[in-house]
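This briefing covers the structure shown below. It proceeds from the chain as a whole to individual elements and residues.

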Amino acid sequence: MRWREGEGTRWLEADLPGAVASFSTRLGGFSEGRYASLNLGVLTGDDTELVVANRRRLCAALGIDPEDVVVGRQVHGAAIARHEGRQDPARWPVPKADPPECDGHVVDRSGPAALVFVADCLPVALAGPGGLAMLHCGWRGLAAGIVGAGAEQVGATAAAIGPGIGPCCYEVGDEVLAAFAPLGEGVADGRMLDLKAVAGRLLARAGVREIEDAGICTCCERETFFSHRGDGGDTGRQAGLVRGA
Ligand SMILES: [Zn+2]
């Protein structure tokens, strides 16, 4: 994974077969205070106009059309929306009232960019002969099977895991530990859960051979990334995107 810069912001980029995955930071946007500065989430206390300006800035930096990005209302589930053609109603940059409820998107390489919002949860991009997928992976979505579902839909051979909370900062309760006990040793150390190890294990189980991990903890690097836990629950959102290259 490599760092890129443009339009006053920075982001991480990873190559996937016939695709590129991008992971945004909180740097270089218009929002202030808790949402400083490149907050992409409207379901926060931030000013929607600033969020829209941030969305346009990120699209300019990535060189993508802001009208050609699909998003959903994320509910920590395992539902994945498949987007065909160019008539999808859930486009950026101006938020729609009712985007589909889902935590993952599948697109074609010739289709729109797929985007998920994150702040500690893992953004996971997948590529395979059946298309591209972008998944929002918190513990609930991982436990509900979103990785296996996404990998199956696109026949994933490769994945990129963006910045998310690391085992250094993610203490969890019994319910969460129990959800991943079937994965065996190595995904938790005491009460410290390693979400990336969980995702990696689930990806391998789904037949994904190439897995690239940003290796960044959002809670440790709060100057660069929004962290739900690190910022006390009220914070902005960065994004993971995947599109054909
Ligand atoms: Zn950490």
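Of the 245 residues in the chain, 54% count as buried. The model is a predicted one. Its secondary structure comprises 5 helices and 14 strands. The radius of gyration is 16 Å, close to the 18 Å that the globule rule gives for 245 residues, so the chain is as compact as a globular protein of that length.

**Overall dimensions, contacts and surface**

- Taken along the principal axes, the C-alpha atoms of the chain fill a box of roughly 45 × 40 × 35 Å.
- Among contacts between residues at least 6 apart in sequence, 65% join residues at least 24 apart.
- The chain exposes about 9900 Å², and carbon and sulfur atoms supply 47% of that area.
- There are 24 positive and 32 negative side chains in the chain. The centres of these two sets lie 2 Å apart.

**Helix α3 and its surroundings**

- Helix α3 spans residues 146-154, and its buried residues are Ile146, Val147, Gly150, Ala151 and Val154.
- These buried residues cover an arc of only 125 degrees around the axis, which puts them on the same side of α3.
- The cover over the buried residues of α3 includes the strands β5 (80-82), β6 (104-107), β8 (122-128) and β9 (131-137). It also includes the helices α2 (139-144) and α5 (195-205).
- Gly155, just after α3, takes a positive phi of about 60 degrees.

**Ala127 in strand β8**

- Strand β8, one of the elements covering the buried residues of α3, contains Ala127.
- Ala127 has a relative accessible area of 0% and is therefore buried, the cut-off being under 20%.
- Not counting residues up to four places away in sequence, Ala127 touches Leu16, Pro17, Arg109, Leu132, Val154, Ala156, Thr157 and Ala158. One of these, Val154, is also among the buried residues of α3.
- Ala127 and Leu177 are 50 residues apart in sequence, and their C-alpha atoms are 29 Å apart in space.

**Arg201 in helix α5**

- Helix α5, which likewise belongs to the cover of the buried residues of α3, holds Arg201.
- Arg201 is partly exposed, with a relative accessible area of 29%.
- Leaving aside neighbours within four places in sequence, Arg201 is in contact with Leu183, Gly184, Glu185, Gly186 and Val187.
- From C-alpha to C-alpha, Arg201 and Leu183 are 7.5 Å apart, with a sequence separation of 18 residues.

**Backbone geometry in the loops**

- Most residues other than glycine have a negative phi, and most peptide bonds are trans.
- A cis peptide bond joins Ala36 and Ser37, with omega at about -10 degrees. Ser37 is found in the loop between β3 (19-24) and α1 (48-62).
- Glu7, although not a glycine, has a positive phi of about 55 degrees. The loop that contains Glu7 runs between β1 (2-6) and β2 (9-16).
- Asp120 is also not a glycine, and its phi is positive at about 110 degrees. Asp120 is in the loop between β7 (113-118) and β8.
- With a relative accessible area of 7%, Asp120 is buried.

**Gly230 in the loop between β13 and β14**

- Gly230 has its place in the loop between β13 (210-213) and β14 (238-244).
- At 21% relative accessibility, Gly230 counts as partly exposed, because the cut-off for buried is under 20%.
- Gly230 touches Asp120, Cys219 and Arg222, not counting residues up to four places away in sequence. Asp120 in this set is the loop residue with a positive phi of about 110 degrees.
- Gly230 and Cys219 are 11 residues apart along the chain, and their C-alpha atoms are separated by 5.0 Å.

**Glu101 in the loop between β5 and β6**

- Glu101 lies in the loop between β5 and β6, two strands that are included in the cover of the buried residues of α3.
- Glu101 counts as exposed, at 56% relative accessibility.
- Apart from neighbours within four places in sequence, Glu101 is in contact with Arg73, Val75 and Ala79.
- Glu101 and Ala79 are 22 residues apart in sequence, with a C-alpha to C-alpha distance of 7.7 Å.

Key:
Residues are numbered from 1 along each chain as its sequence is written. This is a predicted model: local features need pLDDT of at least 70, side-chain atom pairs count only at pLDDT 80 or more; totals for chains, interfaces and linings use all residues. Side-chain values use heavy atoms; hydrogens and water are left out. Helices (H or I, at least four residues) and strands (E, at least two) are DSSP runs, numbered from the N terminus. The radius of gyration is taken over C-alpha atoms; the globule rule is 2.2 Å times the number of residues to the power 0.38. Buried means under 20% relative accessible area, exposed over 50%, partly exposed in between (1.4 Å probe, protein chains only). Contact means heavy atoms within 4.5 Å. Accessible areas come from the Shrake-Rupley method with a 1.4 Å probe; for residues, only the protein chains shown count as cover. Lys and Arg count as positive and Asp and Glu as negative; His and the chain ends are not counted. The place of a charge is taken as NZ of Lys, CZ of Arg, CG of Asp or CD of Glu. The arc is that of the directions from the helix axis to the C-beta atoms.
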